[in-house]
Amino acid sequence: MLNINQLNLLGWQSFFQQQLDIDEWYNSVPVRVVEQHRNRLVVDSGSDTFQLPVTEKVWQCVVGDWLLLTEKYDVNRVFERKSYFARRAAGSKLEKQAITANVDVAFVLCSLNDDFNLNRIERYLALVNEAGCEPVVILTKADLANDGLEKREQVQNLSSMLRVEVIDCHDVTLVNQLSDWLKPQTSIVLLGSSGVGKSTLSNTLAQTQQKTSAIREQDSKGRHTTTGRYLLKLASGAVLIDTPGMRELQLSDVTAGLEQTFSEIEALASSCKFVNCSHSNEPKCAIQQAISDGSLTERRFLNYQKLRKENQFNTASLRERRAHDKSLTKMYKRVQSQAVKFKKLNE
Ligand SMILES: Nc1nc2c(ncn2[C@@H]2O[C@H](COP(=O)(O)OP(=O)(O)OP(=O)(O)O)[C@@H](O)[C@H]2O)c(=O)[nH]1
Ligand SMILES: [Zn+2]
């Protein structure tokens with residue numbers, strides 16, 4: 001029978017429990033993916049951590065996924081996901097790359113030095129909103145900056161509903177500052193560029209040095225960088241998922257996330273005089289009006305347009321690629337079956 005207390009420490013929720021039938025409740029082993037490597041996954045059952053080879057059934061699994069194992073520890077199936085993060089793969093590859101799954105809260109880290117960038121924060125917010133998770137913007141390296149409060153206000157102006165925290169990642173009282181989210185059965189993902197302090201924050205929250213030697217490697221400059229994703233159980237009962245810093249976060253399939261992130265622009269656009277207003281120089285354009293009276297910044301409007309274009313382009317090209325792959329597979333199958341028929345005819 002399942003040990004719910006142990007599973008809860010891994011972020012187990014009723015959403016997953018409802019996916020089990022009575023027989024599975026007694027005779028199976030749910031595990032959560034806590035580390036992801038090329039050929040193997042490390043999973044945790046609450047009482048035990050062990051490795052599973054990456055097979056056909058689990059090749060799309062990411063850190064945060066729940067798997068159902070049989071009594072003999074074979075993979076039965078992957079649980080339906082509560083939430084899922086993916087981006088368009090970096091570079092020219094036409095693929096989507098999974099980031100993590102089954103997360104409730106996303107800490108979007110941005111440091112208060114040169115990395116501070118409202119456009120990038122909005123980009124992350126679109127991704128988090130699309131996944132249906134709660135975003136919290138965390139401005140790091142407060143100890144090195146003297147304009148923390150001013151920048152905090154700039155972020156708060158993006159949305160009055162947004163929670164924004166300014167922190168020093170080494171501060172041991174962080175557990176109190178972030179206590180609203182560090183709650184039992186809550187899974188939190190850390191997102192943000194390389195060097196913003198994700199690993200430092202998770203070290204401080206875990207209060208111990210992470211056992212991540214397998215994942216953290218030295219780069220050419222001798223710096224330690226996170227190269228994999230891993231899941232950490234915190235004393236508060238929350239679960240933390242660290243991700244490697246993303247050099248490029250290309251958006252794809254985040255139309256709803258963008259609408260939510262820029263909801264006031266969407267609302268303004270619907271009150272322009274012309275239904276097909278391009279918001280450039282038409283008379284009675286509500287967006288141009290908002291920019292000139294200062295209630296909307298030009299920066300935000302331009303970023304909204306840019307991200308929308310990028311999302312449309314990536315979504316369309318990935319859809320085309322999928323359709324192309326499908327028709328190729330169909331063609332191979334057709335050729336194969338024709339070859340079999342031909343062989344039979346000649347036998
Ligand atoms: N002074 C100060 N330094 C910080 C803070 N947060 C992180 N650092 C330092 O910034 C450097 C990078 O921090 P990491 O925690 O490794 O950054 P990361 O986001 O995990 O980076 P990747 O693993 O590459 O994704 C380290 O030298 C940290 O000690 C902070 O709040 N204040
Ligand atoms: Zn307009």
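## Helix α4

In this predicted model, 11 of the 14 residues of α4 are buried, so the helix is largely enclosed by the rest of the structure. The buried residues are I121, E122, R123, Y124, L125, A126, L127, V128, N129, E130 and A131. Charged residues are on that list too, including E122 and R123.

Helix α4 covers residues 118-131. From first C-alpha to last, α4 reaches 20 Å, close to the 20 Å expected at 1.5 Å a residue. G132 follows α4. The phi of G132 is positive, near 75 degrees.

## The nonpolar core

Where do the nonpolar residues gather? The largest nonpolar core has 70 residues. Helix α4 gives the largest share of this core, seven residues. In soluble globular proteins, nonpolar side chains tend to be buried together.

The residues with the most contacts inside the core are A106, F107, V108, I188 and I241. V108 links this group to α4. Leaving out residues up to four places away in sequence, V108 touches I121, Y124, L125 and V128, among others. Those four are on the list of buried α4 residues. V108 also touches P135, V136, V137, I138, L191 and G192.

## Domains and their contact

The protein is divided into domain 1 (4-78), domain 2 (84-242) and domain 3 (255-323). Between domain 2 and domain 3, 12 residues of the former are in contact with 12 residues of the latter. Which element gives the largest share of the domain 2 side? It is α4, with nine residues. The domain 2 side divides into five nonpolar, two polar and five charged residues. Helix α4 therefore gives the largest share both of the nonpolar core and of the domain 2 side that touches domain 3, and 11 of its 14 residues are buried.

## The annotated binding site

UniProt, in an unreviewed entry, places the feature "binding site" at C272, C277, H279 and C285. C277 is found in the loop between α9 (263-269) and α10 (286-292). C285 is placed in the loop between α9 and α10 as well.

Are C277 and C285 buried or exposed? C277 has 19 C-beta neighbours inside 10 Å, so it counts as partly exposed. C285 has 21 such neighbours, so C285 counts as buried. The cut-off for buried is 20 or more.

Contacts tie the annotated positions together. Beyond four places in sequence, C277 is in contact with C272, E282 and C285. On the same basis, C285 touches C272, C277 and H279.

Methods. Residues numbered from 1 in each chain as written. Chains lettered and ligands numbered in written order. Predicted model: local features only at pLDDT ≥ 70, side-chain atom pairs only at ≥ 80, totals over all residues. Helix = DSSP H or I, 4+ residues; strand = E, 2+ residues; numbered from the N terminus. Expected span 1.5 Å × (residues − 1). Buried ≥ 20, exposed ≤ 12 C-beta atoms within 10 Å, placed from the backbone. UniProt positions renumbered as here; feature names shortened; annotations may be inferred. Contact = placed C-beta atoms within 7 Å. Domains from an automatic or database assignment. Core = buried A, V, L, I, M, F, W, Y, C linked by C-beta atoms within 7 Å.
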